[in-house]
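Please look through the structure below. The paragraphs after it go through three places in turn.

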Amino acid sequence: MLSGDELEKVSNFSQQTFCVGLYGGALIDSEGGLVAWGEGIDVPKINCRATSISGGYEHFVVLLETGRVVEFGDVKKPTPKLKKAAKAVSAGCGFTAAIVGDALQCWGVNNVAVSPPKKLKHPPVAISSGYSHAAAILTDGSVIVWGGGGDMFGDQTSTSLTPPPLPNKAITVCCGAFHVAALLSDNTVVAWGSNTFGQCTIPVVITPDLLISQLCCGFSSTGVLTSDGRVFCWGRCSPPSLDGIPDLGTGFIPPASGGKHREGRIVRISLGNKSSAASTDSGTLLLWGDDAFGRATSLPQCCMLTDR
């Protein structure tokens, strides 16, 4: 586990390979190595490059360039030996979901989520995990969801995780704790499942004219990053905002002038539960919310993670 001061010393940070879990975060450096922060998180030694990483509720899962999967944190069950190379991975609550070959495979202790459909009409191309469910996009642009949709916050009105009819193909899917969101080919966002905090109510400002480069879900929030570097988040978001402005009740993270943060243009985001993160085109990793370094801290915290 790294402290905030130690994290600032990491060099050659890749802007696209970081994530935030429930109690911490992790990133992949330019050499394919792993760095993590948060309470009690220790990273394993790996003998080849890591290419992607996903943060779950108590553990992280890493995909190596060989197609092998490595997990660390509070891993409930050992990683199984996969018969084929994994193409994508996602960490949930007590389980991991993966695309292995042209099939879906899950493992862990969450009995509801570890039973993905075996017969698929089309191969999966993207995957995401929630608290006790997971979702995948198939090559025809359709979305499938398996697992449960129970809501610990007591929402009894909108907990079905069955995908609604989608007017266009999905190009991105992400899961919150009890909801699912998808970015469609016409640049619109749809969300379904628990709406206790408004995480499935798409704000009126999120229109097809707003060019979205990334869709992301937190524990009970949903957010988008636009092509010009603006960030919008709704639901139960982690205060304060990127510019240190407390949430005003709308759920939006107020964008800086012209869509550019004082540390540079935002190029990627990751939403968690108590903390969230974003990277800028200047090589800065921004962390905000509670306990982002495994301790109480005043955020946003700016960490220069590049030697440029």
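What follows concerns a loop residue, a strand hairpin and a glycine in a predicted model.

Begin with Asn110, which lies in the loop that connects strand S9 (103–108) to strand S10 (124–129). Its relative accessibility is 13%; because buried means under 20% relative accessible area, Asn110 counts as buried. Two backbone oxygens are within reach of the Asn110 side chain: that of Tyr131, at 3.0 Å, and that of Cys93, at 3.3 Å. Leaving aside residues up to four places away in sequence, Asn110 touches Cys93, Gly94, Phe95, Tyr131 and Ser132. Cys93 and Tyr131 thus appear both among the residues touched by Asn110 and as the owners of the backbone oxygens that its side chain reaches.

The next place is strand S16, which covers residues 212–217. Of its 6 residues, 5 are buried, so the strand is largely enclosed by the rest of the structure. S16 runs antiparallel to strand S17 (residues 221–226), and 5 bridges join the two. One of the residues to look at here is Cys216, whose bridge partner in S17 is Gly223. With 3 residues between them, S16 and S17 form a hairpin.

Last comes Gly283, in the loop between strand S21 (275–280) and strand S22 (284–289). Is this glycine buried or exposed? Gly283 is buried, as its relative accessible area is 0%. Its position can also be set against that of Ile266: the two residues are 17 apart in sequence, and their C-alpha atoms are 9.8 Å apart in space.

Technical notes:
Residues are numbered from 1 along each chain as its sequence is written. This is a predicted model: local features need pLDDT of at least 70, side-chain atom pairs count only at pLDDT 80 or more; totals for chains, interfaces and linings use all residues. Side-chain values use heavy atoms; hydrogens and water are left out. Helices (H or I, at least four residues) and strands (E, at least two) are DSSP runs, numbered from the N terminus. Buried means under 20% relative accessible area, exposed over 50%, partly exposed in between (1.4 Å probe, protein chains only). A polar contact is a pair of N or O atoms within 3.5 Å; within protein, one must be able to donate a hydrogen and the other to accept it, and residues adjacent in sequence count only if both atoms are side-chain atoms. Contact means heavy atoms within 4.5 Å. Two strands pair if DSSP finds at least two bridges between them.
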